[in-house]
Amino acid sequence: MASRFVDRAVIHLTAGDGGNGCASVHREKFKPLGGPDGGNGGNGGDVLLIVDPNVHTLLDFHFRPHARAGSGKMGQGGNRAGAAGDTLEMRVPSGTVVMTEDGEILADLVGSGATFVAAQGGRGGLGNASLASSTRKAPGFALLGEPGESRNLVLELRSVADVGLLGFPSAGKSSLISVLSAAKPKIADYPFTTLVPNLGVITAGSTVFTMADVPGLIPGASEGKGLGLDFLRHIERCAVLVHVIDCATFEPGRDPLSDMDALEEELARYTPSLGGDLADRPRVVVLNKIDVPDAAELAEFVRPELEARGLSVFEISTASRQGLKELTYALAAVVEKYRAEQPEPEPEKVVLRPMAVNDAGFTVEIDPEEEGAFIVRGVRPERWIRQTTFGNDEAVGYLADRLQRLGVEEALARKGAVPGSPVTIGDVQFEWEPSTPAGVAVHMSGRGTDVRLENNSRIGATERKEARRIRRDGPDGVEDESDDE
């Protein structure tokens, strides 16, 4: 049967979109000037990754890699705000590392309840009630909701184990973890029986620690041979690495010392992405299968040389249980020492990074692809572009006021922009025309219009009334009686 263990998955996440704001005017009998009452749109839901101790694999993400949070609802009249979108909580196992597709680590989720905001929901747009001011008493527009963030992320599970077992295929790693813990890995007399990492919990006196068994390593694993190198990520967090060496192998050209050197060479070629160096981790050598007479003699022969290298050596037999007690307590002592040397975790501090006084939050660059054009980059200008309904002249005028107050026009002028220069902000390009200073109303205009826009094709109330009169009375102001004749 195929393995159900998955330790790597690529997921495609989309946060919820923010709801649009509402442009509404209060209408009630005997209250002709009720004022704007459009509510704000609801915020879109976030996508969260949360560590759940009951989850042990990334299998769910392998079969369902696409996920989307709920979108916010649109605002309504009567100052009714739209409902916020539902937050999507995705459960991951402890030890999950969140990375970008380029390999940049974004989060290392360890411990029950650890949370990472994988995709941020979009903001809801403001309704015209929130946009009203002393100079714009009844806005004829509202802001659009922002789209939710879309991200492609890579999840890698790196087991949280104290002891990592390394060795050639069929060296007895699975047998060792099965007799020391309650783990039940597959055990057989052929190579690469272990296809997925196995985790076991071991008790030695008052010390409880975990042990990870990864698939066997062979020479050339760093070039893609075998299976082990793909699972070495599961020993990156280990306090001690245990070399399990088969002293009863009959393969030509193999002996405990050459096996040890081959494994160390492969470890040296592996670079942990979580930091640190595997070469600095304590080593313990386990000479296995000494219940075989020839293996016991070979173990006694190579033990002095291994100890001369400064290594702790234990002779064991998983079949007869010989030497297991001594090995267990020795590993517990190493783990306890490692834990004592680690700094105590400090409570997470909330860091506030206020924006500098002279930081405008945007930059103006010369467009390299178009002569005489400019590109404005910044969080706020690009967000304002996404919030603007460009079919509404008053909304476009409001955008121009915001950009002018931010200092975009002054920055464009300093860069050499002239009236008519193409300017790109976000996904929108327009011809720049210096506007009237913000907050100075030089002309009155109707709702939904802005006289600063030259190409104003919006039909006002006066034109609509005149068109109805012409249809009713005719162009000369006399009622058309041609239908009565």
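**Long-range contacts, an open sheet and an aromatic pair**

Among contacts in the chain (heavy atoms within 4.5 Å) between residues at least 6 apart in sequence, 70% join residues at least 24 apart. The structure is a predicted model, in which local features need pLDDT of at least 70 and side-chain atom pairs count only at pLDDT 80 or more, whereas totals for chains, interfaces and linings use all residues. Residues are numbered from 1 along each chain as its sequence is written, and side-chain values use heavy atoms, with hydrogens and water left out.

The chain contains ten helices and 18 strands; these are DSSP runs, numbered from the N terminus, with helices (H or I) of at least four residues and strands (E) of at least two. Of the 485 residues, 45% are buried. Here buried means under 20% relative accessible area, exposed means over 50%, and partly exposed lies in between, with a 1.4 Å probe and protein chains only. The accessible surface of the chain is about 26,700 Å², and carbon and sulfur atoms account for 50% of that surface. These areas come from the Shrake-Rupley method with a 1.4 Å probe; for residues, only the protein chains shown count as cover.

One sheet may be followed strand by strand. It is open, consists of four strands in the order β15-β16-β17-β18, and has mixed pairing; two strands pair if DSSP finds at least two bridges between them. Because β15 (362-366) and β18 (428-431) stand at the edges and each has a single partner strand, one side of each is left without a neighbour in the sheet. From one strand to the next the twist averages 25°, where axes are lines fitted to C-alpha atoms, for helices over the stretch in contact, and angles run from 0 to 180 degrees between N-to-C directions. Strand β17 (residues 422-425) pairs with β18 in the antiparallel sense over four bridges, and Pro422 has Glu431 in β18 as its bridge partner.

Helix α7 (residues 379-387) packs on this sheet and touches β15, β16 (374-378), β17 and β18, its direction making about 100° with that of β16. The buried residues in α7 are Pro381, Arg383, Trp384, Ile385 and Gln387. They pack against β15, β16, α8, β17 and β18.

Helix α8 also takes part in an aromatic pair. A search of the whole structure finds one such pair, for which ring centres of Phe, Tyr or Trp (its six-membered ring) must lie within 6.5 Å; planes under 30 degrees apart count as stacked, over 60 as edge-to-face and the rest as tilted. Phe141 and Tyr398 form a tilted pair, with 5.2 Å centre to centre and 45° between the planes. The pair links distant parts of the chain, 257 residues apart: Phe141 lies in the loop between α2 (128-131) and β8 (150-157), and Tyr398 in helix α8 (residues 393-406). Phe141 counts as buried because its relative accessibility is 2%, and Tyr398 counts as buried at 13%.

The whole structure contains zero disulfides, a disulfide being a pair of cysteine sulfur atoms within 2.5 Å. Cys238 is buried at 0% relative accessibility, and Cys247 is buried with a relative accessible area of 5%.

A final site is Leu106, in strand β6 (residues 105-109). With 29% relative accessibility, Leu106 counts as partly exposed. Not counting residues up to four places away in sequence, Leu106 touches Val98, Met99, Thr100, Phe116, Arg151 and Leu153. Its C-alpha atom is separated by 9.9 Å from that of Val154, 48 residues apart along the chain.
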